[in-house]
Amino acid sequence: MRKGFIYTLAGILLTACSGQKEDPQARALLTEATQAFEAKDYNRATSLLDSLQKTYISEMGIQREGMLLRPQVIEQLALIQIASIDSTNIADNAAMENLKPRLKWVKTPGMIEGYWIDAKSYNPSFMNTTGIEARVSEIGQFYIVSSANPSLKHTAIAITGPAASASTPAVPYDGESNYRIDGGEVITFSPEQSDTIGDATIKNLASNPSAPLTLQFTGGKNKAIKLSATQAQGIANAYNYSRALIRARDNEVQHKRLEKTIEIARRQAAAAASRTAE
């Protein structure tokens with residue numbers, strides 16, 4: 001019993017003594033992290049604090065100092081991200097305000113969901129023609145609808161221009177996404193299937209606004225038609241509106257998440273300071 005007590009006492013004394021000495025490398029790492037924070041290099045400060053936490057677990061005094069610094073780093077990183085989001089939102093809101101008057105809302109009787117389309121590109125008899133429509137759904141998703149009348153039995157489309165080319169995946173005839181009616185056929189490409197068409201159109205117009213674009217119908221009887229500048233711009237307008245709308249919505253969610261991150265970081269900083277003062 002006496003022997004066990006001696007061993008326990010020795011352990012306590014050893015721990016106490018070891019606590020009086022700092023590892024100079026741990027202190028140097030914390031100093032470097034503090035300097036990075038003061039230099040506003042918050043990513044480096046985070047990396048150094050991570051290294052300190054993993055490498056010098058037993059340096060409790062220094063670890064407590066690191067716990068005081070970390071919430072400040074987290075807060076500053078979140079504030080930088082919020083500023084970036086706010087800047088993006090200003091640009092996206094301006095783009096939407098500019099594009100919205102150019103779009104037309106379409107929802108005819110019998111339609112389950114309506115859509116936005118470039119007003120100059122809208123054709124109420126679209127399904128009786130051969131071409132494509134670029135649409136934006138109620139929730140902001142860009143998608144392409146192709147029509148071939150008379151029927152070509154096509155399953156995909158492609159855009160070709162001087163700066164970029166793109167094609168959709170094939171959508172086999174299924175009576176739903178690819179259906180046939182009155183001697184013609186209509187394919188509704190999903191947002192994921194349509195994205196490359198919008199992106200390629202944007203790149204071509206950015207390279208040369210007047211450059212001719214070729215629309216190709218593939219998978220059945222191949223057919224190629226030229227898109228007018230108005231048609232190409234209509235695709236670009238729909239695509240840009242969709243991107244701005246979705247990005248603004250995503251940024252709103254991200255903004256709220258970052259505000260919560262700052263709130264938590266400030267609570268952690270206050271708690272760490274309270275523990276240090278005890």
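Colleague: Which strand gives the largest share of the lining of the largest pocket?
Modeller: Keep in mind that this is a predicted model. Three strands, β3 (131-137), β4 (142-148) and β8 (184-188), each put at least two residues into that lining. The largest share is 3 residues, and the strand they come from is β3.

Colleague: What is the volume of the largest pocket?
Modeller: The lining has 12 nonpolar, 5 polar and 3 charged residues. The pocket they surround has a volume of about 560 Å³.

Colleague: Of the residues that line the largest pocket, which are the closest to its centre?
Modeller: There are 20 lining residues to pick from. The ones closest to the centre are Met-111, Glu-113, Tyr-115, Arg-135 and Tyr-143.

Colleague: And the second largest pocket, which residues are closest to the centre of that one?
Modeller: That pocket holds about 260 Å³ of space, and its lining splits into 8 nonpolar, 8 polar and 3 charged residues. At least two lining residues come from each of β2 (115-118), β3, β10 (223-227) and α6 (229-277). Of the 19 residues in the lining, the closest to the centre are Ser-121, Phe-126, Ile-132, Glu-133 and Gln-231.

Colleague: Glu-133 caught my eye. Is Glu-133 buried or exposed?
Modeller: Glu-133 sits in strand β3. Leaving out residues up to four places away in sequence, Glu-133 touches Tyr-115, Ile-117, Tyr-122, Asn-123, Phe-126, Tyr-143, Ile-144 and Val-145. The cut-off for buried is under 20% relative accessible area, and Glu-133 has 3%, so this residue counts as buried.

Colleague: With which side chain does the side chain of Glu-133 make a polar contact?
Modeller: Glu-133 is among the residues closest to the centre of the second largest pocket, while its partner is among those closest to the centre of the largest one. The two side chains come to 2.8 Å, and the partner is Arg-135.

Colleague: Which element supplies the largest share of the largest nonpolar core?
Modeller: The core has 34 residues, and Phe-142, Ile-144, Ile-157, Leu-215 and Tyr-241 touch the most other members. At least two residues each come from α4 (60-99), β3, β4, β5 (156-160), α5 (191-207), β9 (213-218) and α6. The largest share is 8 residues, and they come from α6.

Colleague: How many residues are in the other core, the one with Leu-30 and Leu-69?
Modeller: That core lies apart from the largest one, and its members include Ala-33 and Ala-36. Its residue count is 15.

Colleague: Where is Glu-59, and is Glu-59 buried or exposed?
Modeller: Glu-59 lies in the loop between α3 (42-55) and α4. Setting aside neighbours within four places in sequence, Glu-59 is in contact with Lys-21, Glu-22, Asp-23 and Ala-26. Its relative accessible area is 14%, so Glu-59 is buried.

Colleague: Which residue does the cis peptide bond join to Asn-149?
Modeller: Most peptide bonds are trans. Here omega is about 10 degrees. The partner lies in the loop between β4 and β5, and the residue joined to Asn-149 is Pro-150.

Colleague: Lys-40 has a positive phi; is Lys-40 buried or exposed?
Modeller: Phi of Lys-40 is near 65 degrees, and the residue lies in the loop between α2 (24-38) and α3. Exposed takes over 50% relative accessible area. Lys-40 has 63%, so the word is exposed.

Colleague: What is phi of Asp-182 near?
Modeller: Asp-182 is found in the loop between β7 (178-181) and β8, and at 74% relative accessibility it counts as exposed. Its phi is positive in a residue other than glycine, near 50 degrees.

Conventions:
Residues numbered from 1 in each chain as written. Predicted model: local features only at pLDDT ≥ 70, side-chain atom pairs only at ≥ 80, totals over all residues. Heavy atoms only, no water. 1 Å grid on protein atoms, 1.4 Å probe; cavity = no way out; pocket = protein on both sides within 12 Å on 5 of 7 lines; lining within 4 Å. Points joined across faces, edges and corners; volume = space filled by probe spheres on them. Helix = DSSP H or I, 4+ residues; strand = E, 2+ residues; numbered from the N terminus. Nonpolar A, V, L, I, M, F, W, Y, C, P; charged D, E, K, R; others polar. Core = buried A, V, L, I, M, F, W, Y, C linked by side-chain atoms within 4.5 Å. Buried < 20%, exposed > 50% of the residue type's maximum accessible area, 1.4 Å probe, protein only. Contact = heavy atoms within 4.5 Å. Polar contact = N/O pair within 3.5 Å; in protein donor to acceptor, adjacent residues only side chain to side chain.
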